[in-house]
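User: Please take a close look at one salt bridge in this model and set it in the context of the rest of the chain. A connected account would suit me better than a table.

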Amino acid sequence: MSVQQKIKSIKKQLDNFDVSGEKEKCSSEVNTNRLLIEPFFKILGYSILEDKDGSLKPEFDAYFDKKGFKVDYAIRIKKKYQILIESKKANTNLTKHLRQLNDYFNNVDDAQLGILTNGTKFEFYIREGNNLNLKPFFVFDWEDYDVGSIETLSLFHYPLEMKKVM
């Protein structure tokens with residue numbers, strides 16, 4: 001698929017998705033995951049609940065020794081969990097949750113990209129040493145986007161070349 005075809009496909013799927021209607025149904029983080037976050041990543045070509053590269057692995061333990069400490073999703077690229085996704089309930093302000101994503105990130109040496117989301121706003125962070133850079137390098141707002149945002153978002157379509165997005 002050419003870059004222009006990919007952009008056109010992503011735009012069409014995003015435009016046809018009733019993000020406002022689904023957001024209204026999101027009374028919990030679990031609903032937000034199922035109704036907004038998983039469909040968003042499907043639009044980007046990722047599969048759900050499969051054990052293979054390019055699939056969202058839910059409740060990834062991030063190699064914590066403590067029970068109950070799990071990042072919401074991890075995505076395996078080239079047999080390594082390189083993307084960690086921390087999700088919050090729809091309408092949640094994401095600012096105070098970056099530390100939580102960073103803590104998970106510290107435990108997964110292969111992780112290069114962190115995404116913090118409430119299902120409509122997706123903040124993309126990159127590794128800086130052992131931590132995440134505290135400023136997102138890209139923010140996608142599903143409720144307010146333009147063609148330029150979709151062009152950037154298309155770089156994250158699977159199959160993903162990490163070197164192209166970093």
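Analyst:
**The pair Lys23 and Glu143**

Lysine 23 and glutamate 143 form a salt bridge, with 3.1 Å between the closest N and O atoms. Lysine 23 belongs to helix 2 (residues 19–24), while glutamate 143 sits in the loop between strand 8 and helix 5, so the pair ties together parts that are 120 residues apart in sequence. The model is a predicted one, and the distances given here should be read in that light.

The two partners are covered to unlike degrees. Lysine 23 has a relative accessible area of 17% and is therefore buried, the cut-off being under 20%. Glutamate 143 is partly exposed, at 39%.

One residue that touches this site is leucine 36. Leucine 36 is part of helix 3 and is buried, with a relative accessible area of 0%. Apart from neighbours within four places in sequence, its contacts include Lys23 itself, together with Phe17, Val19, Glu22 and Cys26. Leucine 36 is also in contact with Asn31, Ala90, Asn118, Gly119, Thr120 and Trp142. Threonine 92 lies 56 residues from leucine 36 along the chain, and the C-alpha atoms of the two are separated by 14 Å.

On the other side of the glutamate 143 loop is helix 5, where serine 149 is found. Serine 149 counts as buried, at 17% relative accessibility. With neighbours within four places in sequence left aside, serine 149 is in contact with Phe138 and Phe140. Phe140 leads on to the interior: in the largest nonpolar core, which has 32 residues, Phe41 and Phe140 touch the most other members. At least two residues of this core come from each of helix 1 (3–16), helix 3 (29–43), strand 3 (71–77), strand 4 (80–87), strand 5 (113–117), strand 6 (121–128), strand 8 (138–141) and helix 5 (147–153). Helix 3 supplies the largest share, six residues. Phenylalanine 41, again without its neighbours within four places in sequence, is in contact with Tyr46, Leu56, Ile75, Ile85, Ile115 and Phe122. There is also a second, separate core of 15 residues, with Ala74, Tyr81, Leu101 and Phe105 among them.

The pair can be set beside other salt bridges, of which a search of the whole structure finds eight. Side chains of opposite charge can pair when their charged atoms come close. Aspartate 15 and lysine 11 form one such bridge, with 2.6 Å between the closest N and O atoms. Both of these residues lie in helix 1, four residues apart, which is about one turn of the helix. Aspartate 15 is partly exposed at 40% relative accessibility, and lysine 11 is partly exposed at 34%.

A further bridge joins the side chains of arginine 76 and aspartate 51, at 3.4 Å from N to O. Arginine 76 is in strand 3 and aspartate 51 in the loop between strand 1 (47–48) and strand 2 (55–60), so this pair ties together parts that are 25 residues apart in sequence. Arginine 76 is buried, with a relative accessible area of 17%, whereas aspartate 51 is exposed at 64%. These two residues belong to a network of salt bridges that links Asp51, Asp53 and Arg76.

As for the chain as a whole, it has six helices and eight strands. From the N terminus on, the elements run α-α-α-β-β-β-β-α-β-β-β-β-α-α. The radius of gyration is 15 Å, close to the 15 Å that the globule rule gives for 166 residues, so the chain is as compact as a globular protein of that length. The C-alpha trace spans about 40 × 35 × 30 Å along its principal axes. Of the 166 residues, 48% are buried. Among contacts between residues at least 6 apart in sequence, 52% join residues at least 24 apart. The chain exposes about 9000 Å², and carbon and sulfur atoms supply 46% of that area.

Last, the confidence values. The chain averages a pLDDT of 90, and 93% of the residues score at least 70. Among the elements, strand 8 has the highest mean pLDDT (98) and helix 6 (residues 162–165) the lowest (68).

Definitions and conventions:
Residues numbered from 1 in each chain as written. Predicted model: local features only at pLDDT ≥ 70, side-chain atom pairs only at ≥ 80, totals over all residues. Heavy atoms only, no water. Core = buried A, V, L, I, M, F, W, Y, C linked by side-chain atoms within 4.5 Å. Buried < 20%, exposed > 50% of the residue type's maximum accessible area, 1.4 Å probe, protein only. Contact = heavy atoms within 4.5 Å. pLDDT = per-residue confidence, 0-100. Rg over C-alpha atoms; globule rule 2.2 N^0.38 Å. Areas by Shrake-Rupley, 256 points an atom, 1.4 Å probe, with all protein chains shown as cover. Salt bridge = Lys/Arg side-chain N within 4 Å of Asp/Glu carboxyl O.
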